[in-house]
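Me: Please take a close look at one part of this model for me, the matter of sulfur-sulfur bonds. After that, walk me through the places around the chain that deserve a second glance.

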Amino acid sequence: MHNTAAIVFRDGTTRFVKVDKNELLMDAAQRHGVNLPVDCREGVCGTCRCLRESGDVDVEYIDEEALTEEEIAEGHVLACQTRLRSSQASFYFDIDSNVCSVATEVHNGTVSAVEQVSDGAAILEITLDDPTQALPYLPGQYARIEVPGSDQWRAYSFATSAVREGKLRFLIRLLPSGVMSDYLRDCAQVGDAISLEAPLGAFYLREVQRPLLMVAGGTGLSAFLGMLEELAEKGECQQPIRLVYGVTQEQDLSELARLEAFTETLPDFAFGTVVMTPSEAWQGNKGVVCDLFDLDFLSQPFDAYLCGPPPMIEASKTWFEENPVGECRVFFEKFISS
């Protein structure tokens, strides 16, 4: 029997390693070719420090010179002293992956479906050539996809929590002109060969210990679809979750039926939509995402996840600073058109 540890680096590169019973995280990583920084191996130097972001662990020894009491309370551990006690755990190392001789992996597949789900977005489904091929990732992370017929790569968040029967889904914004947008609109065919580099990204769902605010701008919703699916499937989250979904025009709204389904499968989930420049016929919320933030909900300590255009990210962070909200941690991913 073994457990699984996700090792996430500062540049977003992620490796999943199998950890044997009672095996140290450091030893498991090295066994998989991930050369984590190490010096003393005695819990004294602090060279292999990292942040445990989910899962249960046992830590043998940490010298007071290696980590402070405050850092330990925040979840910092030493890889050379840490053993997993749960089937899954994730650890963040504040170093770049190339320091540890870790390269990203390329996976090959074929286009199995393309569906336009709104005026400005489409679902791209990719089936891996080898359904048994391991492509684990953390909900919220992304892949770089090579646009068929070109030498261009584009980054998109996974829209599901895991590979399903060898299939992956991505919610992709359709630009007026763009190499991926033009491909999806004009020439994408089921059966097209396609490659992707994954998993990537330091934006992913951490262990849920307090209320969540999710803020999606446009196809930034994709990352949250994967996060919500993960929470619904595990069925362990009892914290309230609120999602605010903003778009430019109402025609840009997509996957609303899927969001509605989460209100049935999650114990305390609700979402709201807001349109910046709607038509006269629009009868829903008009404005920006911050207009839908609920001060009553945010008066308690909470975690905020933001994914979308940079102006939305910055406006949301400013709103948190200028309003009487509870203590919060903010995680964000900025979507920038190529």
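Reply: Let's start with the rule: a disulfide is a pair of cysteine sulfur atoms within 2.5 Å of each other. By that rule, a search of the whole structure turns up zero disulfides. Take Cys45: its closest cysteine sulfur belongs to Cys40, and that one sits 3.6 Å away, which is too far for a bond. How covered up is Cys45? Its relative accessible area is 33%, so it counts as partly exposed. That label needs its cut-offs: buried is under 20% relative accessible area, exposed is over 50%, and partly exposed is in between, using a 1.4 Å probe and protein chains only. Cys187 also falls in the middle group, as its relative accessibility is 43%.

Before going on, keep in mind that this is a predicted model, where local features need pLDDT of at least 70, side-chain atom pairs count only at pLDDT 80 or more, and totals for chains, interfaces and linings use all residues. Residues are numbered from 1 along each chain as its sequence is written, and side-chain values use heavy atoms, with hydrogens and water left out.

Now zoom out for a moment. The protein has six helices and 19 strands; these are DSSP runs numbered from the N terminus, with helices being H or I over at least four residues and strands being E over at least two. Its radius of gyration is 21 Å, which agrees with the value near 20 Å for a compact globule of 338 residues. That radius is taken over C-alpha atoms, and the globule rule is 2.2 Å times the number of residues to the power 0.38. Along the principal axes, the C-alpha atoms fill a box of roughly 65 × 50 × 35 Å. Of the 338 residues, 51% count as buried. A contact means heavy atoms within 4.5 Å, and of the contacts with a separation of 6 or more, 68% join residues 24 or more positions apart.

Back to single residues, beginning with a buried one. Leu36 sits in the loop between α1 (25-31) and β3 (49-54), and it is buried because its relative accessibility is 3%. Not counting residues up to four places away in sequence, Leu36 touches Ile7, Phe9, Met26, Ala29, Ala79, Phe93 and Cys100. Its C-alpha is 13 Å from that of Ala103, a residue 67 places away along the chain.

Phe293 is another buried loop residue, with a relative accessible area of 8%. You'll find Phe293 between β17 (285-286) and β18 (302-308). Its contacts beyond four places in sequence include Leu213, Val215, Val244 and Trp319. Phe320 is also on that contact list; the two C-alpha atoms are 9.6 Å apart, and the residues are 27 apart along the chain.

Next, some backbone oddities. Glu255 has a positive phi of about 60° although it is not a glycine. It lies in the loop between β15 (241-247) and α5 (256-265), and with a relative accessible area of 16% it counts as buried. Leaving out residues up to four places away, Glu255 touches Val117, Ile123, Arg169, Leu221 and Leu225.

Ser101 also has a positive phi, near 60°, and is not a glycine either. Ser101 is in the loop between β7 (88-93) and β8 (105-118). Is Ser101 buried or exposed? At 55% relative accessibility, it counts as exposed.

There is a cis peptide bond too: it joins Ala198 and Pro199, with omega at about -5°. Pro199 is part of strand β13 (residues 193-200).

Following on from β13, the loop between β13 and β14 (212-217) holds Glu207. Glu207 is partly exposed, at 27% relative accessible area. Which residues does Glu207 meet, leaving aside neighbours within four places in sequence? They are Arg52, Glu53, Ser54, Gly55 and Arg329. Glu207 and Ala89 are 118 residues apart in sequence, yet their C-alpha atoms are 9.3 Å apart.

To return to your request: the search found zero disulfides, and the gap of 3.6 Å from Cys45 to Cys40 explains why that pair doesn't count as one.
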